[in-house]
Structure formats: C-alpha cells, structure tokens
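Reader: Could you take me through a close look at the side-chain contacts here, starting with a charge set against a ring? I would enjoy one connected account.

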Amino acid sequence: HIVFDVNSSGTGATTVLDWTDSAAGSTAKFGYKATLGNSNGLDSTAIQIVRGTGVRTTPAIDINDASTGSATVIDLDFTGAYTGNAIDISYSSGAATGDAIQITMGTDVSGNALDITGTGTRTAPLVLIDGDMTGSANMVRIAVTGAISGNVLDIALSTTVTGNMINLTPGAGVGAKAIYIDSGNVIRTASLVDILHDGSGNADCFNLDHSNTGSGMLMDINVSGVGSGNVIDITYSAAS
C-alpha cells in the first residue's frame, strides 16, 4: 500500500516537502518523526533511499548547519541489547574509488576528527581492523606534510595497566619485519630511537630473550658509512 505517492517527472528544481520552523526560540518540534513501536514493524524501514545508475552530482543526504552550541548533528542512542551494527558500510559490487568515510577538519582546529571513549569492562577492542585482501596497499598509513611539533602517534598511560602498549606478533608473516625504520637519507638532528628510563624499580629498560636455533644473529650491525662517531657508546655518569 502506498499512502503518499509523488512522481516528479518534470524538469526544474522541485521540493516535494518543505518545512520551515519560523517560531522564535526553542520549539522542540520535529521536521520528520518515525516511530516503530514495541514489537511493531519488525521488518519495516523508517527511511530508505534508492539511487539508480548515472553520474550523480549531489549527495543522497545533505545537511547544512550554520548553528552554534553543543547539540549533536546526528545522535544515535541505544538503550537495548542490540547486536547489529550502528552504521554499516558495504561495497558489494562495482569498482568504487571513493572513500567510505572522509573527514576534512578545515577550520575546526580545536576539534578531534575522531573521538572514541570506552568505559566498563570491555570484551572487544575499541578499534578492530580485519584485512583478508591482497596487494601492496598499506592497512594503515599516516602521511604528514605540515611542519607539526606534536607527536604523530601519542600513547599515554595514566592508570595501572598490565597489558603491553604495543604488542607485535608476526606469526606466519615470516617474510615481514616486525619493525622497520628508514632514516630517509637526510641530515638528521634527532635520534631514530630514544629511550628515557628514569624511573625506579627493578624492571629492565631493555629485555631480549633469544631462543632461536637457526644461524641468524642475535644482533647484526653493519657499518658502511665513513662516520666519526662510535658504533656503540656507553657512558656511566652515576655510581652504577
């Protein structure tokens, strides 16, 4: 059954439904409200947009917001034990070249592009990336072209955490390096690896457990440049 049917076959810019809230102040009105009651409309879709083929030049949903304040533009609030995805994006066919999600901050210099807050006793990661693709594309890539003074990746622990900050398990990736650093063949002014171990306690600053039975070396240092510095320099400045 079609309750309200509009067939816009004519040319020109046509607005099917135009609603303007001209009442001053806070009116608490809804431009459109769809309610699916308890155990009602279990397979009903509140809003569906179907776009056919063709080179489209406008978005399916367009929100232009010039307001101020702290109200959320799109708010999803779940109160039930929901097992589905809050937002699901799936490319099932077609050679799509656009981004699934693109965020351009622009003048929003004080806002975060993505803010994730997790509470409670969690049993799943906050961010999970599963990749079964092939090819030479990177799974995660960070490209910095601006002269920033902040850290590219910053991890700070302010509570008692017993897990590892970064845990690498190559596993079956026997041909992959766990960590690879390329200095870029430039005149460097800072160390590639810098460790500040100024706390107290009996934990090691660097621990290496070697149980490999092959012919590989535990540590291999090859110096091919004509440098004036030491290969390894150890300086005791305290009564160790």
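**A charge over a ring, and what lies around**

Author: Happily! Lys33 sits over the face of Phe30, 4.9 Å from the centre of the ring. Please keep in mind that this is a predicted model.

Close by in the numbering we can turn to charge meeting charge. Side chains of opposite charge can pair when their charged atoms come close. Here Lys29 and Asp21 do this through their side chains, forming a salt bridge with 3.2 Å from N to O. That distance falls within the 4 Å allowed, so the contact qualifies. The count of salt bridges in the model is one. How exposed are the two partners? Lys29 has a relative accessible area of 47%, which makes it partly exposed. Asp21 is partly exposed as well, at 30% relative accessibility.

Ala28 deserves a word here too, for its backbone. Its phi is near 55°, a positive value in a residue that is not glycine. Ala28 is also exposed, with 74% relative accessible area. Asn185 gives a second case: its phi is positive, about 55°, and this residue is not a glycine either. With a relative accessible area of 76%, Asn185 is exposed.

Back to rings, this time ring against ring. The structure has one aromatic pair. It is made by Phe78 and Tyr82, whose ring centres lie 5.5 Å apart with the planes at 25°. Why does this pair count as stacked? The angle of 25° is under the 30 degrees that set the limit for stacking, so the pair is called stacked. As for their surroundings, Phe78 is partly exposed at 46% relative accessibility, while Tyr82 is exposed, with a relative accessible area of 56%. The dividing value is 50%, so Phe78 at 46% is placed in the class of partly exposed residues, and Tyr82 at 56% in the exposed class.

Finally, let us go from contacts to empty space. The largest pocket holds about 1800 Å³ of space. It is lined by 25 residues, and those closest to its centre are Ile47, Ile61, Ile63, Ile74 and Leu76. What classes of residue make up this lining? It has 17 nonpolar residues, along with four polar and four charged ones. The five residues closest to the centre are Ile or Leu, and both of these types count as nonpolar.

How values were computed. Residues are numbered from 1 along each chain as its sequence is written. This is a predicted model: local features need pLDDT of at least 70, side-chain atom pairs count only at pLDDT 80 or more; totals for chains, interfaces and linings use all residues. Side-chain values use heavy atoms; hydrogens and water are left out. Buried means under 20% relative accessible area, exposed over 50%, partly exposed in between (1.4 Å probe, protein chains only). Rings of Phe, Tyr and Trp (its six-membered ring) pair if their centres lie within 6.5 Å; planes under 30 degrees apart count as stacked, over 60 as edge-to-face and the rest as tilted. A charge sits over a ring if NZ of Lys or CZ of Arg is within 6 Å of the ring centre and within 35 degrees of the ring normal. On a 1 Å grid over the protein atoms alone, a cavity is a set of points where a 1.4 Å probe fits but cannot get out, and a pocket is an open set with protein on both sides within 12 Å along at least five of seven lines; lining residues have an atom within 4 Å of a point. Grid points are joined across faces, edges and corners, and a volume is the space filled by probe spheres set on the points.
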